[in-house]
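Grab a coffee and open the viewer beside this page. Below are a few short exercises to work through, each with a solution you can check as you go.

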Amino acid sequence: MGLKEGLEAEDKASFYLQKMGYKIIDRNFHSKFGEIDIVASKENVLHFCEVKFSQRSDPILRIIPSKMTKIIKTIGYYFLTKRIHCDYQLDAILVTPEKIEIVHNITS
């Protein structure tokens, strides 16, 4: 996946989340550990969203254990730098040419 495809998938995911009642708080939050594609809130819960795009296969297969470790470390850094405390979960936003799907709480 190229940079352009990735940004387009993130734009589509952000728009989809907004349509579903989420408020976008941050996009592309970087730390030395990794990146969080989208941080959104809904009903007093922060949703850290990993956006994955695929033309042919299931995008969830692109979230590998080492990627999960980086995301979880980055979430910890996010809370540290923003000095906030609240409920949160890690979600996947799966984008294909046919659809957009949210998989909630992918750490459980």
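The exercises below go from confidence to helices, cores, cysteines and backbone angles.

**Exercise 1. Find out how confident the prediction is, overall and by element.**

Keep in mind that this is a predicted model.

Step 1: start with the whole protein. The mean pLDDT is 92, and 97% of the residues score at least 70.

Step 2: go element by element. Helix α1 (residues 3–19) has the lowest mean pLDDT, 90, while β2 has the highest, 97.

**Exercise 2. Check the length of helix α2, then work out which face is buried.**

Step 1: compare expected and actual span. α2 covers residues 65–82, which is 18 residues, and at 1.5 Å a residue it should span 26 Å. The C-alpha atoms at its ends are 26 Å apart, so the two agree.

Step 2: list what is buried. In α2 that means M68, I71, T74, I75, Y78 and F79.

Step 3: look down the axis. The buried residues of α2 fall within an arc of 140 degrees, so they line one face of the helix.

Step 4: turn to the other side of α2. There you'll find P65 and L80, both exposed.

Step 5: see what the buried residues pack against. For α2 the partners are β1 (23–30), β2 (35–42), β3 (45–53) and β4 (87–95).

**Exercise 3. Now give helix α1 the same treatment.**

Step 1: span again. α1 has 17 residues and reaches 24 Å from first C-alpha to last, close to the 24 Å expected at 1.5 Å a residue.

Step 2: pick out the buried residues of α1, which are G6, A9, E10, A13, S14 and L17. These cover an arc of only 135 degrees around the axis, which puts them on the same side of α1.

Step 3: flip to the face turned away from the buried side. K4, F15 and K19 sit on that face of α1, and they are exposed.

Step 4: find the cover. The buried residues of α1 are covered by elements including β1, β2, β3, β4 and β5.

**Exercise 4. Which residues touch the most other members of the largest nonpolar core?**

Step 1: look at the membership. This core has 15 residues, and F48, I75 and L90 touch the most other members.

Step 2: trace where the core comes from. β2, β3, α2 and β4 each supply at least two of its residues. The largest share, 5 residues, comes from α2.

Step 3: zoom in on I75. Leaving out residues up to four places away in sequence, I75 touches I36, F48, Y88 and L90.

Step 4: don't stop at one core. There is a second, separate core of 12 residues, and L17, A40, I93 and V95 are among them.

**Exercise 5. Is T74 buried or exposed, and what does it touch?**

Step 1: place the residue. T74 is in helix α2.

Step 2: check accessibility. T74 has a relative accessible area of 0%, so it counts as buried.

Step 3: list the contacts. Not counting residues up to four places away in sequence, T74 touches F29, S31, F33, G34, E35 and I36.

**Exercise 6. How many disulfides does the model have? Explain the count using C49 and C86.**

Step 1: set the cut-off. A pair of cysteine sulfur atoms must lie within 2.5 Å.

Step 2: apply it to C49. The closest cysteine sulfur, in C86, is 13 Å from the sulfur of C49, which is too far for a bond. Coming from C86, the closest cysteine sulfur is that of C49, again at 13 Å and too far.

Step 3: give the count, which is 0 disulfides.

Step 4: compare the surroundings. C49 is buried, at a relative accessible area of 1%, whereas C86 is partly exposed at 34%.

**Exercise 7. Look for positive phi angles after the helices and further along the chain.**

Step 1: look just after α1. G21 follows this helix, with a positive phi near 95 degrees.

Step 2: look just after α2. R83 has a positive phi of about 50 degrees although it is not a glycine. R83 lies in the loop between α2 and β4, and its relative accessibility of 73% makes it exposed.

Step 3: carry on to N105, another residue other than glycine, with a positive phi near 50 degrees. N105 lies in the segment after β5 (100–103), and at 33% relative accessibility it counts as partly exposed.

Methods:
Residues are numbered from 1 along each chain as its sequence is written. This is a predicted model: local features need pLDDT of at least 70, side-chain atom pairs count only at pLDDT 80 or more; totals for chains, interfaces and linings use all residues. Side-chain values use heavy atoms; hydrogens and water are left out. Helices (H or I, at least four residues) and strands (E, at least two) are DSSP runs, numbered from the N terminus. The expected span of a helix is 1.5 Å times one less than its number of residues. Buried means under 20% relative accessible area, exposed over 50%, partly exposed in between (1.4 Å probe, protein chains only). The arc is that of the directions from the helix axis to the C-beta atoms. Contact means heavy atoms within 4.5 Å. pLDDT is the predictor's confidence in each residue, from 0 to 100. A nonpolar core is a set of buried Ala, Val, Leu, Ile, Met, Phe, Trp, Tyr and Cys residues joined through side-chain atoms within 4.5 Å.
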